[in-house]
Amino acid sequence: MLLKVRAASEAREDEVTPRALFLSRRSVIAGGAAALAVGGMAPLLSGPAFAALDAKTTIQPPDAKLDAVTPQKSATTYNNFYEFGTGKTDPSEYAGTLKTRPWEVVVDGEVGKPMTFGIEDLLKFPLEERIYRLRCVEAWSMVIPWVGFPLAELLKRVEPTGSAKYVAFRTLHDPAQMPGQRLGVLNWPYTEGLRLDEAMHPLAILAVGMYGDVLPNQSGAPIRLVVPWKYGFKSIKSIVRITVTKDQPPTAWNRSQPFEYGFYANVNPDVDHPRWSQANERRVGDFFRRKTLAFNGYGEEVASLYSGMDLRKYF
Amino acid sequence: MATGLRAIGLRATISTALMSRWAKPAVFVAALLPMAWTFWLAGTGGLGAEPIAEGVRQTGLWALRFLLIALAVTPLRQLTRVPALARFRRMIGLFAFAYALLHVLTYVGIDQFFDWGAVWKDIVKRPYITVGMGAFVILTALAATSTNGMVKRLGGRRWRALHKTVFAAGLAGCFHYVMLVKGWQIPPFVYLAVFGGLVALRLAWTSPWRIAVGAGRQPIFSRSGGD
């Protein structure tokens with residue numbers, strides 16, 4: 001499947017330059033950390049977990065002013081990850097208990113070559129930086145520079161069979177590492193799913209980093225899904241299993257409250273959530289709300305996936 | 001015997017303190033502290049990445065807390081047999097209203113920036129906001145009729161009947177919280193349980209069983225509206 005992403009969201013060479021500068025500053029910082037590490041803490045600080053990720057920006061919003069990148073501090077201290085508590089600052093405060101090394105992702109189901117990827121293998125996929133809008137179902141949004149690779153690249157390796165229709169994802173289930181799982185906020189483990197064509201879409205990525213660094217634990221380390229045209233809860237974090245299926249897989253929020261959270265969960269200003277108007281959103285850091293865009297502004301790329309579907313019914 | 005005497009002594013000391021002319025100003029200032037703290041955090045970037053949402057949240061939580069404290073005054077007065085506690089009930093109730101007002105103003109004026117169309121849609125379409133607004137309307141009516149003059153004008157019986165709706169406001173406030181969180185979370189149910197406990201105490205106190213058991217042990221204060 002070859003889908004061309006429209007030029008508007010592709011980064012031009014001249015727009016990438018500041019990013020390279022930013023990275024070179026980062027490597028100086030990383031070098032400093034490595035120098036410090038010689039003093040006895042080398043085994044803790046070295047290794048891929050703490051290396052800055054070098055990746056070229058390939059996709060970004062067409063208007064950098066309108067969609068200015070959210071400050072890193074906001075993106076890493078204000079988010080939902082109920083495995084560590086339901087407060088917005090809980091993940092950043094409590095995700096330290098998550099152990100991201102060693103880490104394996106089992107990929108199985110309707111595939112010719114089921115495989116288990118270690119996190120080291122996953123980091124070897126050609127990494128790109130993609131600056132995406134992130135729209136939470138709670139009507140707030142951010143712009144985040146993710147580092148990752150297309151989910152399609154991983155799926156191609158395992159060779160989905162002819163009967164493959166959907167892809168199911170599962171988060172780690174370990175209450176010792178994820179204390180929020182001791183409470184029945186949701187039916188653990190967290191699960192998500194995509195239709196196979198959505199999963200193969202070039203905009204859908206598996207992220208291993210953000211802001212040029214490896215993912216912090218609270219943001220879904222060591223590997224998470226990012227599907228920018230869907231509400232944030234679809235972008236499942238800390239993935240341990242990816243199963244290609246024939247049937248639509250159950251998804252965590254849909255199981256919890258089926259009338260509020262659909263399987264598709266495409267960002268849609270015309271379909272209200274029972275608790276939040278989806279017509280507008282507040283970009284974190286802004287004072288005024290802004291209008292929410294259909295498919296979170298990625299309509300040109302993805303709307304065709306849903307042609308002929310009643311998006312009010314399949315919300 | 002000795003402990004009983006000590007308890008009586010303690011109760012007398014507390015009563016004297018509560019009757020002092022500084023007691024009300026002290027409670028007033030204490031009740032302002034959460035507001036001051038929230039404003040301080042708002043001004044110094046302490047409300048986090050989404051200060052508006054956090055401001056709405058904090059003012060709402062404090063409205064609910066003061067409402068529950070106001071509802072706890074009478075049961076506490078009955079259980080501790082310290083009638084002086086009743087002096088503070090009106091003020092605490094008015095603080096519940098003040099925090100609720102701040103909550104609504106933050107939502108309407110800052111979060112929605114006076115987009116009345118959006119606010120109206122929220123009220124009619126989102127059950128948790130409908131319920132929350134219901135609680136706010138009740139609290140407004142109670143605050144407006146909280147003066148001695150209004151007690152006189154309405155007459156004790158009608159006034160008391162009107163002010164019994166505070167329980168509806170408390171229930172609506174708790175449900176507002178239960179309904180707005182995602183998934184099954186504990187904190188809203190803690191508030192609901194505290195509210196339920198306070199209602200249960202009232203019912204237990206006024207039940208025939210209580211009167212039969214407790215008769216002669218202590219007087220039942222029928223005059224609960226005073227201050």
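Trainee: What pattern does chain B follow when read along the sequence?

Mentor: In this predicted model, chain B reads α-α-α-α-α-α-α-α-α-α-α. Its secondary structure comes to eleven helices and zero strands.

Trainee: How much of chain B counts as buried?

Mentor: Of its 227 residues, 41% count as buried. The accessible surface of chain B is about 12,600 Å², and 74% of that belongs to carbon and sulfur atoms. As for contacts in chain B with a separation of 6 or more, 69% are between residues 24 or more positions apart.

Trainee: Let's try one residue. Why is B:Pro188 called buried?

Mentor: Buried means under 20% relative accessible area. B:Pro188 has a relative accessible area of 0%, so B:Pro188 is buried. You will find B:Pro188 in helix α10 of chain B, residues 186-206.

Trainee: Which residues does B:Pro188 touch, not counting those up to four places away in sequence?

Mentor: B:Pro188 touches B:Tyr177, B:Val178 and B:Val181. B:Tyr177 is eleven residues from B:Pro188 along the chain, and their C-alpha atoms are separated by 5.6 Å.

Trainee: And B:Thr16, what makes that residue buried or exposed?

Mentor: Exposed means over 50%. B:Thr16 has 55% relative accessibility, so B:Thr16 counts as exposed. B:Thr16 lies in helix α1 of chain B, residues 2-19. From B:Thr16 to B:Val82 there are 66 residues in sequence and 10.0 Å in space, C-alpha to C-alpha.

Trainee: How do you know that the length of helix α3 of chain B agrees with the expected span?

Mentor: The expected span is 1.5 Å times one less than the number of residues. Helix α3 of chain B, residues 51-80, has 30 residues and should therefore span 44 Å; the C-alpha atoms at its ends are 41 Å apart, which agrees.

Trainee: Where does α3(B) have a kink?

Mentor: At B:Val73, shortly before the proline B:Pro75, there is a kink of about 35°. After α3(B) comes B:Arg81, with a positive phi near 55°.

Trainee: Now for chain A. What makes strand β5 of chain A largely enclosed?

Mentor: Eleven of the eleven residues of β5(A), residues 140-150, are buried, so the rest of the structure largely encloses this strand.

Trainee: Which strand pairs with β5(A) over eight bridges?

Mentor: That is β4(A), residues 128-135, which pairs with β5(A) in the antiparallel sense. In this pairing, A:Ile131 stands opposite A:Pro145 of β5(A). The two strands form a hairpin with four residues between them, and A:Ala139 in the turn has a positive phi of about 70°.

Trainee: How many bridges join β5(A) to β12(A), and how many to β8(A)?

Mentor: Two bridges join β5(A) to β12(A), residues 280-283, and these strands run parallel. A:Ser141 stands opposite A:Arg283 in β12(A). Five bridges link β5(A) with β8(A), residues 205-210, in the antiparallel sense. There, A:Pro150 has A:Ile205 of β8(A) as its bridge partner.

Trainee: Why is strand β11 of chain A called largely enclosed?

Mentor: Six of the seven residues of β11(A), residues 239-245, are buried, so the rest of the structure largely encloses the strand. β2(A), residues 104-109, pairs with β11(A) in the parallel sense over four bridges, and A:Asp108 stands opposite A:Thr243 in β11(A). β6(A), residues 166-171, is joined to β11(A) by six bridges and runs antiparallel to it. In that pairing A:Arg170 has A:Arg241 as its bridge partner.

Trainee: What makes A:Ser74 count as buried?

Mentor: The cut-off is under 20%. A:Ser74 has 15% relative accessibility, so A:Ser74 counts as buried. A:Ser74 sits in helix α3 of chain A, residues 72-77. Not counting residues up to four places away in sequence, A:Ser74 touches A:Met142, A:Val284 and, in chain B, B:Ala49.

Trainee: Where in chain A does pLDDT stay under 50?

Mentor: Over residues 17-50, for which the model has 24 contacts beyond four places in sequence. Where pLDDT is low, the predicted coordinates should not be read in detail. For chain A, the mean pLDDT is 88, and 84% of the residues reach 70 or more.

Note on methods: Residues are numbered from 1 along each chain as its sequence is written. Chains are lettered from A and ligands numbered from 1 in the order in which they are written. This is a predicted model: local features need pLDDT of at least 70, side-chain atom pairs count only at pLDDT 80 or more; totals for chains, interfaces and linings use all residues. Side-chain values use heavy atoms; hydrogens and water are left out. Buried means under 20% relative accessible area, exposed over 50%, partly exposed in between (1.4 Å probe, protein chains only). Contact means heavy atoms within 4.5 Å. Accessible areas come from the Shrake-Rupley method with a 1.4 Å probe; for residues, only the protein chains shown count as cover. pLDDT is the predictor's confidence in each residue, from 0 to 100. Two strands pair if DSSP finds at least two bridges between them. The bend at a residue is the angle between axes fitted to the seven residues ending there and the seven starting there.
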